[in-house]
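Biologist: I'd love a close look at one part of this model, with enough of the surroundings to place it. Could you walk me through it?

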Amino acid sequence: MLASNLMRDSPAATSPALFSAGFLARQEQRHRRDHAGLGAVARLDQVQDDSDPFVAAPFRTNGHPSRNGALLLTDIPWRLIHSHCHDAPMRNETAYHDALGHFFAKNADTSPYNAHTDRPAMLQLAGDVAGRRVLDVGCGAGHYAAELVSRGAEVVGIDGSATLLNYARAHVNGGAELHLHDLEEPLHFADDESFDGAVCALVIHHVTKRAQLLNEIRRVLRPGGWLLVSTTHPTADWRRFGGSYFAHEWSELPVADGELSIRYERVPLETFLGELLDAGFALERLIEPRPAAGLQEIDDAAYAKLHTAPCFLAVRLQRP
Ligand SMILES: C[S@@+](CC[C@H](N)C(=O)[O-])C[C@H]1O[C@@H](n2cnc3c(N)ncnc32)[C@H](O)[C@@H]1O
């Protein structure tokens, strides 16, 4: 029943997509592990934007399929590509462990998205952080933490990936406190009103218990403290995954030529912003970051693309 619904609804039913055998094997493993569909969501049949550099070539939907080492969409066991859209992933499963951590750490050094678009925009929103105590929520490989430390902040970074925390340790070189922490859990380690600011860069869309996390961030910020949050732009998600713009859907985004995937929940703008306001924060500024000028010399095509199609959203909020 589910398969036939998908066949009918899927744009790929009329526009064949290719899936590597490796990807299918991983989906099968994941399906077996998650048993009965708990937590496994794959919407790769709906990836629509073939100019999206996040999307690996074999997954693009509007090319002409060749069967060289790949399978046609019609070959896929449909039980593996199902759409339990509201099933959340298991705890901490969204953290970037092992190979995904290594891929992200390397990519975030220089990528047009992280290094040239998200980070410069968010750091500008942060303003002067000298002497401030800042919580880096989902600190990844420590790119933000290292930058904030170099600007004079005292930084505590937390992440659920031990792989990425190893990179973060090397990046901050003893200059910041780092903890392994599942963001689905309260921030037990932090006292009330003990931080001046918090950065949550490209992380919130991975978290299921977002209301709890935001309430916890509010608790540990002092009154008047600030919170910076960036996320995937909802229109970019709509272009990638199709379906309804208003969907709340756990989705899988293939990266690293389809060898790996990133799992997150796409939500419309009103949900992203509404959750922050519901947690008691006041919006100070919302931006749609475009790449810094330096990218043009390095990658003119990415620069032009990111100046045309929004990729991220970023907000600065205040804890009243
Ligand atoms: C796109 S990366 C962003 C990293 C960093 N903020 C940056 O911008 O460079 C997303 C991060 O969220 C972390 N993450 C995802 N789900 C998590 C969870 N449940 N608990 C802790 N960390 C999580 C990942 O491990 C990864 O480091």
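Biologist: To start with, how many helices and strands does the secondary structure of the chain come to? After that, please take me to α6 and tell me what α6 packs against.

Modeller: Gladly! Please keep in mind that this is a predicted model. The chain's secondary structure comes to 11 helices and 11 strands. Of its 320 residues, 47% count as buried. Among contacts with a separation of 6 or more, 74% are between residues 24 or more positions apart.

Now to your helix. α6 covers residues 162–172, and its buried residues are T163, L164, L165, Y167, A168, H171 and V172. These buried residues pack against two helices, α3 and α5, and two strands, β4 (154–159) and β5 (177–180). Just after the helix comes N173, with a positive phi near 50 degrees.

Let's take the two helix neighbours in turn. Two packed helices are described by the angle between their axes and the distance between those axes. For α5 and α6, the angle is about 20 degrees and the axes are 8 Å apart. An angle under 35 degrees counts as roughly parallel, and α5 and α6 are therefore roughly parallel to each other. Their crossing is right-handed. On the α5 side, the contact is made by H143, A145, A146 and V149, while α6 brings A168, H171 and V172. By class, the residues of this contact are five nonpolar and two polar, with no charged ones. A168, H171 and V172 also appear in the list of buried residues of α6.

The other partner is α3, which packs with α6 at an angle of about 35 degrees, again with the axes 8 Å apart. Here D98, G101, H102, F104 and A105 of α3 meet T163, L164 and Y167 of α6. This contact has four nonpolar, three polar and one charged residues. T163, L164 and Y167 are buried as well.

Both partners lead us to the ligand. α3 (98–110) and α5 (143–150) each supply at least two residues of the shell around the ligand. That shell holds 24 residues, with A95, G138, G140, G160 and L183 the closest. By class, the shell divides into 12 nonpolar, nine polar and three charged residues. So much for the tour: when you turn the model, you could start at α6, follow its packing to α3 and α5, and go on from those two helices to the ligand shell.

Note on methods
Residues are numbered from 1 along each chain as its sequence is written. This is a predicted model: local features need pLDDT of at least 70, side-chain atom pairs count only at pLDDT 80 or more; totals for chains, interfaces and linings use all residues. A residue is near a molecule or strand if its C-beta atom, placed from the backbone, lies within 6 Å of it. Helices (H or I, at least four residues) and strands (E, at least two) are DSSP runs, numbered from the N terminus. Ala, Val, Leu, Ile, Met, Phe, Trp, Tyr, Cys and Pro count as nonpolar, Asp, Glu, Lys and Arg as charged, and the others, Gly among them, as polar. A residue is buried if 20 or more other C-beta atoms lie within 10 Å of its own, exposed if 12 or fewer, and partly exposed in between; C-beta atoms are placed from the backbone. Two residues are in contact if their C-beta atoms, placed from the backbone, lie within 7 Å. Axes are lines fitted to C-alpha atoms, for helices over the stretch in contact, and angles run from 0 to 180 degrees between N-to-C directions. Angles under 35 degrees count as roughly parallel, over 145 as roughly antiparallel, 65 to 115 as roughly perpendicular and the rest as oblique. A crossing is left-handed if the near helix is turned anticlockwise from the far one by less than a right angle, and right-handed if clockwise.
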